[in-house]
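The following exercises concern cysteines, a surface patch and nonpolar cores. Please work through each task before reading its solution.

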Amino acid sequence: MRFLRHLPRSLPHGTSRREVLEQSGAFCVAAGVFLCPFALGGAPLWSAAAAAGLFLAALTLLALSRHAPERAVRIFPAALALLAAAIAASLQLVPMPPVLLKVFAPANARALEQALTPLTPLGMPDLWPAWRPVSLDPPATARALLTILACLLGFLAASQTAVFPKQRTRLAGAISLSALLIALIGFAHALAGADALFGVFRFKQAAPPLLTPFGNPNHLAAFLIVGALFASCLAAAADSRTRQLFWSLAWFILATAIVLSLSRAGLAAFITGQILTAAALRKLSEQDCLNREGAEAHHGSTESAGPRLSVLALAAALASVGAASAYLAADRLLAEWKPLSPLSDEAGLTESKIALPLRALPMIREHWLTGVGKDAFEPAFLRFAETPFLGSRTATHPENIIADWLAGFGIPAGILLLTGLLAALVIGFRRAGTSPLRWTALIAVFAVFLDDLLNFSLSFVGTAVPVSAALAIGTAHRRQGLRLSLRAWVLLLPAVTAAASGAFLLARHDLRADGEKLLTAIQSGSPDSRQLFADAVSRHPLDYYPRLLAASKALAAGVPETAVRLAGNAMALFPAHPAPHAAAASALEKLGHFLQAATEWRMAQERGWKTAAAHLARLFAEGKIDAARITGIAPADEKHGLAFVDALRRAGAAGLAETHLDELERQHGRNARTLMARAALAESQGDMERLLKTAMALDEAEMNGTDTGREGRTDSAPAQGLLLTSRALEALGRRAEAIALLENRLGQKNIPAIRLRLTELKLRTGDAPGAGAVLAEMPPALTRDERVSMLRLKALAARGMKDFAAAADALKTAAILRPGDLDLRLALADALISGERFEAAMQELEQVRAILAEKTGAGGAAATNTPPNRRQQRLEQLTAAAKRGLADRKSRQSESLLRMLSSEPSQGRH
C-alpha cells in the first residue's frame, strides 16, 4: 500500500485518492469495451493481447481502491465458468509424452502418428514419437486461450463497476456508442462508395456488404445486437426528452445496420432479442422501474422522472426499420435469403451452413474425452468430412457454439462449461430484480448465444468482450459473489499475466505466418527452408499446407519422388483440396507415370482445379496415353465430362472429344447440355444445320411440356432448347433471327436465362441501350449466379454507353455476391481504369495480386507444367495501364500548372 502514499493528499472538488483509482479503473474498463470492436473486429492477435492488458490495468486500479466491505472486489459465478474454460484450454497446450497421450487422448495420438510417421523417411525422425500437447493445432488453441483470458479479465473488471447503477449505465452506454460509431462508419463508406476501410485497408478474400472494421458480417451483426438492445433500454429509461431522442435514433441506426449486414442468423436473433426486451421493459414500466433506474444513474435519486418508451412505439420502430432496410437492400436481401428455399439451385450453401455442426459429430464422438483443442477444428475436421462437402474450402469453426465447445474441449468439459455459462445466465435472470439494464444485458447475451448457433462470433474479442461486459452488467450485484482480498489479487495477477504472455507468444505462429515464411524461403532457395518446414509441421502437425509447399520445392529442385510423397501426405490430410492432387500429377509426369498422372489430374478436376481438364486432355492429345483408355480415365460424370470434352476440342483432339461425348450421352442421355457441347464441335465440322433442327425440336418439346430426353431423362434447366437454338442461329450468321426469336419468347415467359441470352446478343450487335433496357425488366427473384450474370452484363452495357461509373458499381456489387471470383475483380479494375479512377484500380489489382500469390503458393507444385496464367497476364496488363494512367494524369497536371503559371502577368519590382 506504499503506492497510495505517492498520490496527492488533497484533490480538487473533495475527490479522495481511492475515488481517483476507482474512476481510473472504470475508465479503463469502458475504454477496453469501447475500443475492442475497432481493432478489426478483434481478428488481429494484438487486439486480444491489448484488451487483456487494459483489463489487467483496470483490475489493478480497482483492487487498490477497494478496502471497505461494501466495495470489496468480488467474483461472480460466470467468472468461474470463464476461468474453467481458460484452465481447460491451458491444459490442452501442455506437452505430454506419447504414452500418456495415447492413454488420455488415443484419437489425437493416432491422428498425429498417421500424419507425422510418413515424414520420417525424409530425414525428420524427431517429429514422432515426441512430447506433444492434446491440441491438434496448438497456435489456434493458444489464440483461443488468449481470447478467453481477455473475456475473463473483461468480465471481472466490468463486474466490479457494474454493481453501481451509474457505472452500469455508463458501461452500457459505452457499448451502444461503440456500436453506433461502427454502424456510422459503415454508412459513411456506403455513401462514399468506398471499397477499402478508411481508404487504406482492404479485407483479403472478404467483401462485407457493410464496410466496417468487422470483416465478417455475421460478427458485425452480433456486436450490433448488443448495442441496439442497450440503446432501446437506455431510451426507455432516459430521464429527459433529449436523451430519449438520442438513444432512439441510435437504436434506429443500429437496427438498420443489422439488416444491411445481410446476416440471416443475426437478423433473426435481433428480432427475438428485441421482442424479449420489449416485453421485459413493458413489465418493468408497469412497476415504474425504468425511470427510477434512469434517475438513479443520472441524479442519484429514486424519484420518477421523464417519459417511457411504449411497446407500441417500439413495434412501430421495428416495422419502420424493416421497411426502410428492405427498400435500401431489397435485391441483396433476396439474394441472401434465396438459398434458404429447398427448391433453390443454391441449396447447397444452406446445407453447408446448417449441416456443418452435424458433420462434426463423428469427430466429437471419436475425440469425446479431451477434444481436439479449442479452435483446432480445421485440421481435425478435414479427416472426417466427406470430400464433396468442402470442395476447396476449409472450415475454421463448426459455426455452432455447442459443436464448437464439444469438439474443442471434449464432451465432459464442453458440457460442464456450457452448463456453467447457462446456469450463470439463469441465475442472473432470477436475480435481475427490477433493473431494466440487467434484464436487457442478459437478453442481449441470450440473443448472441442464439446467433452463435449458426455462427462463431464469440471466437473473437471484438464481439466476445462486449458480450462479457453485458454478462457482467446482468449478473453483478453489490452484496453477492466471492470476496477477494488485495493480497489474493497480487498473487493472481502474475499468474494471469504469464498465461496471457505465453498464449500470445505461441499464437503468433499461425499457419498463415509460418506458411509465408516457408514460401519465401522456398522461392529464394534459402537453406533454412528445411528447418522452417520442420518447425511449421511441428506447430501444425495436421495441416496440409506446409507439406504442399515442401512438395513444390522438391519438384522445382528436380526430386519428383519426394514431391510425390509430400503431396500424398498432404492429400491424406485434406483429400478434398485439389492442389495436392495437381502437385502429385505434375511430379508423376516428371517420373513418366502418365496413367497415374492422368488419374490425379482427373481427381484434381473433380475437386475444382480449373486447369486440370486441360492437362488431362493434353496427355491424350500428345499421345502419352492410349486413346482406347479414355473411357476408363476420363471423368464419367456429366459436368466434368463435358468440361473434358471442351478441353479436348481446344487441344485439337476433336475425334476423341466426340467419342467421349457419345459415351456421356450413352450414360446420361441426350439433353441440352450435351447438345450444346456438340454445337461447339459442330462449328468445326459443318454440322450446325443438323444441330439447329435438333435444338428446335428440343425447344418445341419444352414448350409443349414433353421434354423427356432421348433416354427418358428430364432436363431440369428451363428453356435450354431455345437457348441452344439461338446459339445455332448465331453460329450460322442469323443473329437477327435469334434476337427476334428470343424477344418473341420473352413475351410469353419472362425467364431470366432468356433475358440474359438476349442481352448477350444485343451487346454483340453493339446495341448497348437495348441491352440495358432488356436487363431493366429482369424479375426480382434470381439465383446468385443469375444475379451475378445480370450485373456482369449490366456492366458491359454501361461500358458500351461510356458510363464507366455505373459499370464499376455493377461489378462491385457482383464481387460482393461472389467475393472469390477474380475475373470479376479484374473486370472491376478495368472499369475503374476506363473511368480514370486509377488509385482505386491499383488497390483492387493489389488485392487480386495478393490472392493470386496465395493460390500460387498453395498450388505451386502444379505450376511447373502450367502455361502462363491468363489471370496473371491480365493482371500485369491492367497494372501497366493503371500506372500509365497515373503517369499521364500527373503529366497533364504538371503541364496545366505550367500553363497557369506562364499565363500569369509578370510582377514588376517596386
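**Exercise 1.** Determine whether C36 is buried or exposed, and establish how many disulfides the structure holds.

*Solution.* C36 has 6% relative accessibility and therefore counts as buried, a term that means under 20% relative accessible area with a 1.4 Å probe and protein chains only, whereas exposed means over 50% and partly exposed lies in between. This is a predicted model, in which local features need pLDDT of at least 70 and side-chain atom pairs pLDDT 80 or more, while totals for chains, interfaces and linings use all residues. Residues are numbered from 1 along each chain, and side-chain values use heavy atoms, without hydrogens and water. The structure holds 0 disulfides, a disulfide being a pair of cysteine sulfur atoms within 2.5 Å. For C36, the nearest cysteine sulfur is that of C151, 8.4 Å away. C151 is likewise in no disulfide; at 7% relative accessibility, C151 counts as buried.

**Exercise 2.** Locate L83 and classify its exposure.

*Solution.* L83 lies in helix α3, residues 77-91, where helices are DSSP runs (H or I) of at least four residues, numbered from the N terminus. With a relative accessible area of 39%, L83 is partly exposed.

**Exercise 3.** Identify the residues with the most contacts inside the largest nonpolar core.

*Solution.* The largest nonpolar core has 110 residues; such a core joins buried Ala, Val, Leu, Ile, Met, Phe, Trp, Tyr and Cys residues through side-chain atoms within 4.5 Å. The residues with the most contacts inside this core are F155, L224, V226, F230 and I473. Helix α8 (residues 217-236) gives the most to this core, 14 residues. Another core, of 77 residues, lies apart from it and includes V134 and F377.

Definitions and conventions:
Helices (H or I, at least four residues) and strands (E, at least two) are DSSP runs, numbered from the N terminus.
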